[in-house]
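Please read the following walk through one protein model with the sequence and the coordinates open beside it. The text goes from charged pairs to a loop and ends with the cysteines.

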Amino acid sequence: MYFNEKILVGKTAEGKDLCILPQMANRHGLITGASGSGKTITLKVMAESFSDAGVPVFMADVKGDLAGTSQPGEMSENIEKRVKKLGLEGFDCKQFPVRFWDLYGQNGHPIRATIESVGPDVLSMMLGLSEAQEGNLDIVFEVAKDEGLQLINLADLRSTLQYVAENKDKYITKYGNITTQSVGVIQRSLLALEKQGADHFFGEPALDIKDFFATESDGRGVINILHAVELFQSPDLYASFLLWLLNTLFASSPEVGDLDKPKMIFFFDEAHLLFNGMPAYRLKRIVQVVKLIRSRGIGLYFVSQAPTDVPDEILAQMGNRVQHALRAYTPSEQKVVKAAASAFRVNKAFDTETAISELGTGEALISFQDEKGAPEIVERATILPPQSYMGAINDMVRMKVINNSPLCGKYDEAIDNESAHEKITKHNEEKAAAAAAEEQRKIEEKEAAAKAKEEARIEKEHQKQLALEEKQKLALQREQEKLAAKKAAEEEKQKAKLGKKIEKYGDRFIGNIAGKAGTKLADKMFKNIFK
């Protein structure tokens, strides 16, 4: 309840109010306890109170029962008994202004972010990359920035990774070494992330973080509830997403110093998932955000089973603490209880360590900061009951809340503008077309050369044939000339021989020849007459 301008969370058996002072609420807080000890009730009561104080709230609903905050509670017998026991004046069952969000866009307004806005740090956490692989991812982001390749969705990142790997020799001197092995690991990790549904998260229109800082017309802060039932099945993605959201809140919020009340309260449920196996270099960045975000008017409240789930550097920043029951059956569990007890200022009325193991459901040890910022002495208290409905809601009720939201329609339809994937695809197509044209040119040149060669061969054969024919003609001509010469020589020889006979035999020979010639001539003439 928001009572006397304070966030009333619980009461001691003696009736002492245990309240978070709004001006100290941005000093961060911690809610811890075993499963079933009442952490969710405490978170819900605090969220309702901050809303009534005019402070917007963000919290993740990993079980689905926080959605009931949008509906008025029911004055059951148990709640009525607790109200009377605690002497809560003015307690009434009511609903609170709620906006549902969902990374997958099914049970709330879609939440999207561009690959660029998420950045290589958070993306490396999502992908579970080593420091060396993260270094390669940094280079890809730098290349994309320098070459105007806008990284919006997973397709953009995959295309850019391949593009940089294929052209690594071009970038190595400017950006550093790029290994195909690291790029391959990143590509496989992206595929695994996509199977978890992260492709719904990366894209446009991107979330305007200012929509989380909304208040209603009656002055109450809007409670932003992330439906995380499905998201929680992918713990790495869940933790990485909340870390991105935290970084975005930090980056987009200006310095405001100390305020009368926070600009927003951010509950990080199942916080142990964020820190499991986190390398030191990454933890250092988160510690810096936790330290500095307070001056931007944002209070962080981590919710987990044990204080040891949160690194000491973070715990040191937690000024407001609620410790529910912890079991202490084993030596390791006893260590956790002892560590939790040592974090509180001692109350001489009871033993803190013993009390942690004895707390019942709905009870807690509480220590908030006073007006001077010092932690108060720990008190054993009963947590207030929530004023809104505690439990899941049906789809019809949920859709009614979503459809009545002023953000209805703002983020519903995804937009796919031209970005790195399209540009690289176009570049590759142009490159492929140019390569195909060059290949075709080479083929045509080769064919032309082959044709010219064949024509030259044919021409050569033709010329060879012509030369052969000319040679044969000349040879024939010579042969004919030779025969003619031979014939002429023979005739000359005959003439000479005849001349010699004439000279030798004289007229007798001529008479005989003439007689024979005359007879032959007479026979020829007779035959021609009677022919």
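A salt bridge here is a side-chain nitrogen of Lys or Arg within 4 Å of a carboxyl oxygen of Asp or Glu. The model is predicted. Under the rule just given, Glu-358 and Arg-380 form a salt bridge through their side chains, with N and O 3.8 Å apart. The partners sit in separate elements: Glu-358 is part of helix α13 (residues 352-358) and Arg-380 is part of strand β13 (residues 379-383), so their salt bridge ties together parts of the chain 22 residues apart in sequence. Glu-358 has a relative accessible area of 49% and therefore counts as partly exposed. Arg-380, at 29%, is likewise partly exposed.

The structure has 19 salt bridges in total by this rule. One of them joins Asp-52 to Lys-94, where the closest N and O atoms are 2.9 Å apart. Asp-52 belongs to helix α1 (residues 39-52), while Lys-94 is in the loop between α2 (77-86) and β6 (98-102); the pair links distant parts of the chain, 42 residues apart. With a relative accessible area of 21%, Lys-94 is partly exposed, because the cut-off for buried is under 20%.

Another salt bridge connects the side chains of Arg-158 and Glu-194, at 2.9 Å from N to O. In this case both partners are helical: Arg-158 lies in α5 (residues 154-166) and Glu-194 in α7 (residues 180-195), so parts that are 36 residues apart in sequence are tied together. Arg-158 is partly exposed at 26% relative accessible area, and Glu-194 is partly exposed at 27%.

Next comes a charged residue without such a partner. Arg-112 is found in the loop between β7 (109-110) and α3 (115-127). Where is the nearest side chain of opposite charge to Arg-112? That side chain belongs to Glu-413 and is 6.9 Å away, so the pair falls outside the 4 Å limit for a salt bridge. Arg-112 is thus buried yet has no salt bridge. What does the side chain of Arg-112 reach at 2.6 Å? The atom reached is the backbone oxygen of Tyr-411.

The surroundings of Arg-112 come from two other stretches of sequence. Leaving aside residues up to four places away in sequence, Arg-112 touches His-200, Phe-201, Gly-203, Glu-204, Pro-205, Ala-206 and Leu-207, among others. Its contacts also include Tyr-411, Asp-412, Glu-413 and Ala-414.

The loop between β7 and α3 also holds Thr-114. Is Thr-114 buried or exposed? Its relative accessible area is 9%, so Thr-114 is buried. With residues up to four places away in sequence again left out, Thr-114 touches Leu-151, Ile-152, Phe-202, Gly-203, Glu-204 and Ala-206. Gly-203, Glu-204 and Ala-206 are therefore contacts of both Arg-112 and Thr-114, given the 4.5 Å limit for heavy atoms.

The cysteines remain. How many disulfides does a search of the whole structure find? The search finds zero. Cys-93, for example, is in no disulfide, and the nearest cysteine sulfur, that of Cys-19, is 20 Å away. A disulfide would need the two sulfur atoms within 2.5 Å. Cys-93 is partly exposed, with a relative accessibility of 25%. Cys-408 is also partly exposed, at 35% relative accessible area.

Conventions. Residues numbered from 1 in each chain as written. Predicted model: local features only at pLDDT ≥ 70, side-chain atom pairs only at ≥ 80, totals over all residues. Heavy atoms only, no water. Helix = DSSP H or I, 4+ residues; strand = E, 2+ residues; numbered from the N terminus. Buried < 20%, exposed > 50% of the residue type's maximum accessible area, 1.4 Å probe, protein only. Lys, Arg positive; Asp, Glu negative; His and termini not counted. Polar contact = N/O pair within 3.5 Å; in protein donor to acceptor, adjacent residues only side chain to side chain.
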